Amino acid sequence: MWGMFGGLPTKFFKKVYEFVRITNSEDPFKGPDERLRNEPCEKNPRHKRFHRFKPFRHIILPHPYNHDNQFGPLIKGIGYLVVKVHVRIPETHKISLGSGKIVFSRVKSGTLSRCCPCETCQHEKEKSVKGNLKREDQKQKTQWGEIHVVTAYHVVGSNKDVKKTTCLLNYDDEAHSKPIELDGLKINRWSKDRDMCEFICISHDMDLVKGLRKKIYFLKGRHEKVYRDYRYSAERNLCVIVSHPHGCAKHVTCGELLNTVPVQRGEFNFTTLCYNTHTCGGSSGAPVYRVNKRSVWYLHPHRGEKDGASNWSGSVYE
Ligand SMILES: [Zn+2]
Ligand SMILES: [Zn+2]
């Protein structure tokens with residue numbers, strides 16, 4: 001039937017397609033992917049309110065945000081930084097699953113004696129010292145990338161946990177994505193009562209490290225615009241979570257921010273969020289995005305269910 005539009009410019013097709021997309025409730029990409037839909041779950045049977053991250057459609061947003069084209073790229077921007085957090089627990093041979101967000105990524109340089117801190121490079125350095133190897137035979141890296149991930153303290157709570165932690169990056173959909181594994185190195189900062197933990201991963205892939213840095217700034221730019229536009233609006237309670245529910249590929253849930261609770265710690269003002277955005281096991285530690293937060297460097301990590309009707313987050317500096 002498209003043949004009848006044969007001579008029209010591509011722009012026109014796009015418009016027709018957008019129209020079909022927004023009005024067609026039977027969008028095959030709406031809702032969860034097959035794996036999540038079939039995951040047994042008491043909290044959210046069939047996971048109807050979860051939407052696959054890829055391909056992302058802005059129609060999943062509630063009114064009035066569904067008419068604002070800014071939110072598509074913004075939520076993509078959040079999702080690019082979300083990782084699946086996978087912790088092996090040796091005592092029980094079990095795996096604990098959570099989600100996290102990359103908050104920092106930079107290239108670091110050193111020397112052969114002050115080389116990359118990852119296990120492989122430290123092993124190479126030890127070998128070169130013991131074997132008195134020539135400079136050209138030493139294999140430890142003198143340039144590496146440091147990537148920081150924020151999750152919940154109840155997902156990763158000690159250096160022992162970090163050593164057993166792998167982050168899965170780019171696990172966007174079941175069929176096509178090629179996830180990248182990042183091994184945890186050590187904790188950078190943590191707080192048990194605020195239920196947050198920031199830990200460090202190392203990568204030897206400099207393009208990845210630089211790319212992640214760009215993505216962090218991409219999200220910052222997108223959010224700043226939305227923050228300005230909605231600052232004085234009555235409709236600014238959108239609360240979005242991108243996570244890996246049940247350890248499945250990335251999914252997005254949208255809901256409302258119900259309350260922002262101030263938490264005083266010494267001189268510092270933290271807040272905890274209360275929201276009705278849907279989450280499941282595996283969503284712990286995922287970034288909770290809200291329109292009315294000034295800065296998106298640190299988003300609140302999802303903590304869990306507060307009562308039957310709402311969820312709450314760990315506390316983050318405002
Ligand atoms: Zn579930
Ligand atoms: Zn290394």
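**Exercise 1.** Determine in which element Phe268 is found and whether Phe268 counts as buried or exposed.

*Solution.* Step 1: Phe268 belongs to strand 10 (residues 268-275); helices (H or I, at least four residues) and strands (E, at least two) are DSSP runs, numbered from the N terminus. The structure is a predicted model, in which local features need pLDDT of at least 70, side-chain atom pairs count only at pLDDT 80 or more, and totals for chains, interfaces and linings use all residues. Residues are numbered from 1 along each chain as its sequence is written, while chains are lettered from A and ligands numbered from 1 in the order in which they are written.

Step 2: A residue is buried if 20 or more other C-beta atoms lie within 10 Å of its own, exposed if 12 or fewer, and partly exposed in between, with C-beta atoms placed from the backbone. Phe268 counts as exposed because it has 10 C-beta neighbours inside 10 Å.

Step 3: Between the C-alpha atoms of Phe268 and Glu318, which are 50 residues apart along the chain, the separation is 8.9 Å.

**Exercise 2.** State which parts of the model carry the lowest and the highest confidence.

*Solution.* Step 1: pLDDT is the predictor's confidence in each residue, from 0 to 100. For the protein chain its mean is 88, and 89% of the residues reach 70 or more.

Step 2: Among the elements, helix 1 (residues 10-23) has the lowest mean pLDDT, 40, and strand 4 the highest, 98.

Step 3: Over residues 1-25 pLDDT stays under 50, and the model has 7 contacts beyond four places in sequence for them; two residues are in contact if their C-beta atoms, placed from the backbone, lie within 7 Å. Where pLDDT is low, the predicted coordinates should not be read in detail.

**Exercise 3.** Describe the barrel and the place of strand 5 in it.

*Solution.* Step 1: Six strands form a closed barrel in the order 2-3-4-7-6-5, with antiparallel pairing; two strands pair if DSSP finds at least two bridges between them. Neighbouring strands of this sheet are turned by 40 degrees against each other on average, direction ignored.

Step 2: Helix 6 (residues 206-230) packs on the sheet, touching strands 3, 4, 6 and 7, and its direction makes about 95 degrees with that of strand 3. Axes here are lines fitted to C-alpha atoms, for helices over the stretch in contact, and angles run from 0 to 180 degrees between N-to-C directions.

Step 3: Strand 5 (residues 165-169) pairs with strand 2 (residues 82-89) over 4 antiparallel bridges, and 4 bridges join strand 5 to strand 6, also antiparallel. Leu168 is the bridge partner of Lys84 and stands opposite Glu181 in strand 6.

Step 4: Strand 5 is largely enclosed by the rest of the structure, because 4 of its 5 residues are buried. Beyond four places in sequence, Cys167 touches residues including Val83, Val149, Leu182 and Cys201.

**Exercise 4.** Establish how helix 3 is covered, and check the length of helix 4.

*Solution.* Step 1: In helix 3 (residues 71-80), 8 of the 10 residues are buried, among them Phe71, Leu74 and Ile78.

Step 2: The cover of these buried residues includes strand 2, helix 6, strand 8, strand 9 and strand 11.

Step 3: The expected span of a helix is 1.5 Å times one less than its number of residues. The 12 residues of helix 4 (residues 119-130) should therefore span 16 Å, and the end C-alpha atoms are 17 Å apart, which agrees. Helix 4 is followed by Asn132, whose phi is positive, near 50 degrees.
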